[in-house]
Each structure stands twice: as C-alpha cells, then as structure tokens.
Amino acid sequence: MATSRTPRETAAAGTTRPRTARGGSGGRGTDGQRGTGGAHRGHPKRNVLITGVSSTVGRHLAMHLAADPRVGFVLGTAPGPRPRFLAPLDPARFLYIPTDILRPRQVRDLFHRPEFTEHGIDTVVHLAFVSHPNLRGRKVHRLNVEGTKGLLDRCMESGRVRKFVFKSSDAVYKLDPTTPVYLDENADLNHDPLADQWIQDRVAAEMICRSRMDSQGMDVVILRFASIVGRNVGGQMNAYFDGRVVFRALGYDPLLNLVHMKDVIEAIRLAIVTDTGSGIFNIAGADTATVSTFAEMNGRRCIALPDPLLEFVNRAMRRVGLTDYYYSVDRDRMRYTCLLDTTRAREILGYQPTRTIEFAEYRGLEG
Amino acid sequence: MTQEGRRIAWKLAERLLSTDDLRDVRSFAFQDMGYGYDPFGMERESAALTYVVFAFLHRHWFRVESRGIHNVPIEGPALLTPNHGGVLPIDGSMLAIDVFKRLDPPRVVRYIVDNFAAGFPFINTFLVRAGQVFGDRKNVEDLVRHGELVGLFPEGAKGTGKLFRERYRLRRFNVGFIEIALRQRVPIVPVSIVGSEEQAPMLANLAPLARLFGVPYFPVTPTFPHLGPLGLLPLPAKYHITYETPLRFYEEYPPAAADDPVIVRMLADKVQVRVQEMLDEARAQRESVFDVGSFGPGSPGGNGHGNLTHPA
C-alpha cells in the first residue's frame, strides 16, 4: 500500500481527535466491506471527487491523480461541458460530470448519481473558489461561501464521504508589524472588514469548514498554500511577476515564499491519502527570497516607489492593461514578511517541498 | 540586494575591513536558503557592511572593553540578557559587535528589536538584513529552535526610556524569556553594559509629545531636541561589557515550570539581581566615564580588565 505510516504520523493522527474505527471505504463495487477489519496498513484506495476541475490546479490534480495508481477513481466537476484538456484521461479512471455549485439541486443530484455510489467516492477536494480581486459581488460570494457550505452539508448527509479537503491560501492571515516571521496555523486571521472580498470569502469559508471539523465520520482538512507560481495559475504573485517592470514599496523588501505546482499537487495528494484527522496545514514551497530577488531571477526590473505613488502607478498600469496585479490587496504583503511555519505539514502529512521554480522555464512558458 | 549590489558590497568590505575581519564576515555560520538569505532574512553582504560601520564605532568611538567572553556558548542556542539604556538602542549593536569580534569562531547575535521599528521603511529592511528580528514570542522560539544566539533586553523599551538620574537602575524584567528558557532548555548569559547611559543622558521625557508622535518616549538630552536630529548622535562614553557564567534554570526546573507564574517571576528577578550586581561592580571599577586617554589610534580598546584586544 502506498501509505506506509510512520509511528509518529499515527500518533499525531491519534492525538488530533478520537476517531471512529475506519474500514474500507466501500471499494469499487460497494461490497460493503466497511468495518473494523483492515483499517490500518492503509485503507483501500481513495476515490476522489474534485470540484472546480476546470481550474489550473484542478486540471493538474485530475491528470495527476488519474495517473497515480495509489489513488482510485477520480470524479471531476465544473459548470459547463467537459473542458477539452480532460479528454485524454482514461475513462476507466476519470469521469467528468458537469455541476454548478451555485445550483443546490445539481449538487444534490451529483451525490445521488449512480457513478458516485458505484465508484465509492469517499474523498472530496474542494477547489471551486473564485479568488480574483476583479471578480466580486453576490454571485461570487454565493459560490465561495454558500457553495462551500452546501457542499459540506451534502458530504455529511451522504454518509459516504470520509474526508473533505479545502484548498485555501496564506492570504487569510493578518499581516502587520507585530506578526512573526513564521506564521503557524494558529496565527491571527485577516478579519478586516475592508479586506478584499475574496479574502473575506476565504476566511468565511474556512470558518465554515472549521465548524465541521469535529463532525463524526468525516475529516475536514484545510490546506493553506503560499503563493503558487506557474503558468495560468492566476493569483496575485503570478500577476505581479508577469509585468515587464515590477514595482515594490520603497524601503521594504519582505521575504516571500513561492510554491511550485508539482508541490501543490503532491500536498493535496498527501492530504487525500494520509490518515491525518481534521486539521489545518500550511504548505510552503522550496523557494524563499525577497520580492526584489525573485524579480531579478525572473529577469524583471524592480523599481521601488513610495506607497501613495505606487498605488497610483499600479492603478494606471491596470487601466491600460499592462498588469493584472492589484497592489491595494497586497499592501501589507509588500511590506511585512509572511512566511509559513510548515512544521505540521512536515510532521503529520510528511510533506516536503522538492521543486524549486525554474524561472527561465517559467518565463519561456508564459508567451 | 541584487547580484550587482552584492558584488559592490564585497568590494567595499574588502577595502574597509582588516584581513581578519574580512575572513570572519566571509565565514561566519550562515544558513543560506538558496538565494542568499537566511530563514529570518539576514543577508551576509548586508551584515558585512553593517559590521564595517558598527565595528568602527565599537573600536574608535565607544572603545568597547569586555571580559568573560568565554561565557558565551560557541554553539547551540543561548539568550544574552543585558541591561538597556541610552535613548537609542546602540548598546545592543555594541554587544553584537563585541561578541562577533571576540568570540572564536564568530557568532551573530540575533537581536530582538521592538516591533515598533518594523513599521518604518528602510529601518525595517536594514534591521532584518543585518540579522535582527522583530520582537514576537514566536520569533524568539523559532530562533532558539534554529540554535541561534539570541540577544534580548528583558527590560524592554522601559529600559531606554528611563531618566539619567535613574541610570543603571534596572527596570523590572519581563518574564517571557524565562518561559522560553525553561520550555526549550536554553542557557541564559547575564550581560552588563556600562557606558550606554552616558552616551545620551535623558534629562526629561516629554510623554505628551511621545503620544503625539506614537513613539515609546520623547527624550530631552543635553543635545536633543534643540540641535535637531544631530543631537541624537551619542556621546563617546567608554563602554564596558561583562559576560557572566550562563544560568541553566532548566537543570533545576522542569519545562512545565514555565506555566507557573510564581516560579517564572522569581527566576526573572534572579536574573535581574545578577545583572544589577554586575552593573554595580563594573561601575565601581570604572575610573572615568569618557576615559579621554583611550582615544586615538595608539590604544585601541583600552586596558585594565585583561580583555582580548582587537586583532590588528
């Protein structure tokens, strides 16, 4: 079995909370082998549902899991018809079902589809989340917060789902001069009512996830990622380093951590297959350096401007389409260091970042 | 710094530092995370340039003398707990330079700086690159976990904010460092610094102005504020630093004692009494505050206490 658990992992999982004995998850053909037998030495392969599979992380995750013999069946959902890039996946390992999280009826139906029970889906990876400063409003909020809540409710209702993995980000942390260099999972969250909507949504969605962490029978895992860098990933840091010239706050040059897509996928995979119990895990990458150093590695000119001017320049550049980066959202991040303390992920998940970002390669791909 | 900036920094350092010093700044233990920064943001080149400036002050302006450097562990985590005084926290930098210069192999003291300073541009970046860390409990714990030599003022900002007539009378120590020392089993090295209070005698503290500017205190010294920012330059008082035998409380108390406020308070007072004794003794032995005779290139670092003189 793929997951050989070390004593430490077992102990850590044991201390997280008392758990019910966990047997097979139904296996392929709902043979009902659920029970106490064979609970340890790793369970049968996890069968995974991925929401938001049309996103870049979703696409990478689906392709990786469908090719990974340590994982069972993979079900992908997103609104609309199947994206073309999912076509080459082996139909015996992957199935796409169009589902709009905004429509509770469709989500309900999803859990009652024969494919869902047939393949014994026991793990849900929730990626359907809008996190772009430009996309806001009621509908986005409904997707981000109510969508997460609805999905969680359906998972618990179904009685089949044993693990719910929510992908979050380090944007939920509050940053100011008094925050430590390394933030652990208990650090203060950004509850600023003036924060950007998607940050507020993330915090709210996390809170909903955390309120279900004590539920019997289903583990809820939150993964807080550092800035993911890669082609088409979106996110503030990608938008930032995509500019020909990057601007930073004068007199500040904080440390920044970037995480490679391969490590992101590996962390999600570990969260799926490792018996961790409920919990939050910070996931950081192998690259830590200052904003200006990353800009230099990336072949960008880095110009420092005082704060008010920076805001103005950024807005002007956005207006003419030179950048997609929102300085106002990242004002604190551009001043104070926000690094993640990954002790928990290392000790409980066994996660270790391995991939450093090849800046030349990244630059070559973007064109 | 950019790659180009780093090259220039080394060229400057080569020109301004002696061979021994240059070897030290090139070779001190540094945990590079791949891009020339250590886990807390220190950069070797920035640290080297900072050393150039403050080592000059250490040698020629404050003519720092020290004894008992062998009490500072050459490896593993330790807390240095000196007294604090003199309006501007120059005492911390002099201590750090002294340890770097006189300890063999050299170690960087990771100083815990009031996080009030983190909100200022340039100051923030300069402090972090030079190896300082902003005051937060988690930061101290992480530094200790990394096996660093941590310097902190148990008095906090209360120490620099005291008036000249109260000089060298320690303010009551905060207790956080004792909790960390017990939980993570770290030795505490008591340190006394004499000379810092005379560098900028604080005659009055204009508290309303301090509130207005949002600073911990607003000093009136013989030169500040009427001489403007120049008045903040420290007077050349001669520094005497003493390091004492490390206190290993964790040998007598279990880590759980850190949860007992009475024990923690008692141990903090114990360290405070020790530092106060060292201060009184060092002041009694001091012959002159400014020791004008020790100026000039002929007598670097002075005499008397059997200190290690600065290598030429």
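How much space lies in the second largest cavity? About 110 Å³. Keep in mind that this is a predicted model. The structure holds eight cavities of 30 Å³ or more, and the largest has a volume of about 230 Å³. Here's a quick look at what lines these two.

**Largest cavity**
- There are 21 lining residues here, and A:Val181, A:Thr337, B:Asn124, B:Val128 and B:Phe134 are the closest to the centre.
- Two elements of chain B, helix H5 (123-129) and strand S4 (133-134), are the ones that give two or more residues to this lining.
- The biggest share comes from H5(B), which puts in four residues.
- Sorted by class, you get 11 nonpolar residues, six polar ones and four charged ones.

**Second largest cavity**
- Chain A residues line this one: A:Ala239, A:Tyr240, A:Val245, A:Val246, A:Phe247, A:Leu310, A:Asn314, A:Met317, A:Thr323, A:Tyr325 and A:Tyr327.
- Three elements of chain A each supply at least two of the lining residues: helix H7 (236-242), strand S9 (245-249) and helix H10 (307-319).
- As for chemistry, the lining has nine nonpolar residues and two polar ones, with no charged residues.

**Side by side**
- Charged residues number four in the lining of the largest cavity, whereas the second largest cavity has none in its lining.
- On the element side, the largest cavity draws two or more residues from H5 and S4 of chain B, while the second largest gets at least two from each of H7, S9 and H10 of chain A.

Definitions and conventions
Residues numbered from 1 in each chain as written. Chains lettered and ligands numbered in written order. Predicted model: local features only at pLDDT ≥ 70, side-chain atom pairs only at ≥ 80, totals over all residues. Heavy atoms only, no water. 1 Å grid on protein atoms, 1.4 Å probe; cavity = no way out; pocket = protein on both sides within 12 Å on 5 of 7 lines; lining within 4 Å. Points joined across faces, edges and corners; volume = space filled by probe spheres on them. Nonpolar A, V, L, I, M, F, W, Y, C, P; charged D, E, K, R; others polar.
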